[in-house]
Amino acid sequence: MLKANDNRVKAGDLELKEKVVSINRVVKTTKGGRAFSFSALVVVGNGAGVVGQGLGKAKEVQEAITKGIEDAKKNLIKVPVMHGTIPHEQLSKEGAAKVFIKPAAHGTGVIAGGSMRAVLEAAGITDVLAKSLGSANPTNVVKATVKALATLREPIVVAKTRQISLKKVFNG
């Protein structure tokens, strides 16, 4: 299994767009009645190769979303985007959720399910084929997608690591 690159990014002065992927209402029955709380799964990205995901929990929906955005800004990663797509295919797993992403030709668009689509669009990927295998739990699917994007490597890095030419990386 490929090790995730240490490609973390600081939120500093980035112009980030937020997307709420899912909101979950949790009910705890207590002696005095029912206690409601909410958890919000949020994805943030600048549309140019930086993406992050976060989970916020609070007694109110808006507060949970705000906490989720803050958490997502702490977990930003840099994704190699080449001509609107990813450099190579990648399979990743988180919990019972498996995610497969594959580069696509220009003009294909983002072919992906709901929670995967949010992550890929936030990262600025415009052409990709993606399939969610296994669990459809949005939290694990988002985590698996971010993990897959984090393990992607640019062709230049691969060429330097293997000490071969860039042309040989593409043509074998």
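Two strands count as paired here if DSSP finds at least two bridges between them. The model is predicted, and its strand pairings are a good way in.

Start with E1 and strand E2, residues 33–45. These two pair in the antiparallel sense over 13 bridges. Val20 shows the register: its bridge partner in E2 is Val42.

Now widen the view to the sheet. E1 and E2 belong to an open sheet of four strands, in the order E1-E2-E3-E4, with antiparallel pairing. Strand E1 (17–30) and strand E4 (76–78) stand at the edges. Each has a single partner strand, so one side of each is left without a neighbour in the sheet. On average, neighbouring strands of this sheet are turned by 15° against each other, direction ignored.

A helix covers part of the story too. Helix H1, residues 61–74, packs on the sheet. H1 touches E1, E2, strand E3 (50–58) and E4. The direction of H1 makes about 145° with that of E3.

Next, move along the chain to E5 and E6. Strand E5 (residues 90–94) and strand E6 (residues 97–103) run antiparallel and are joined by five bridges. Within this pairing, Gln90 stands opposite Ile101 in E6. E5 and E6 form a hairpin with two residues between the strands. There, Gly95 takes a positive phi near 65°.

E6 also pairs with strand E8, residues 128–134. Seven bridges join E6 and E8, and the two run antiparallel. Ala97 of E6 stands opposite Gly134 in E8. E6 is thus a strand to follow twice: once to E5, and once to E8.

Key:
Residues are numbered from 1 along each chain as its sequence is written. This is a predicted model: local features need pLDDT of at least 70, side-chain atom pairs count only at pLDDT 80 or more; totals for chains, interfaces and linings use all residues. Side-chain values use heavy atoms; hydrogens and water are left out. Axes are lines fitted to C-alpha atoms, for helices over the stretch in contact, and angles run from 0 to 180 degrees between N-to-C directions. Contact means heavy atoms within 4.5 Å.
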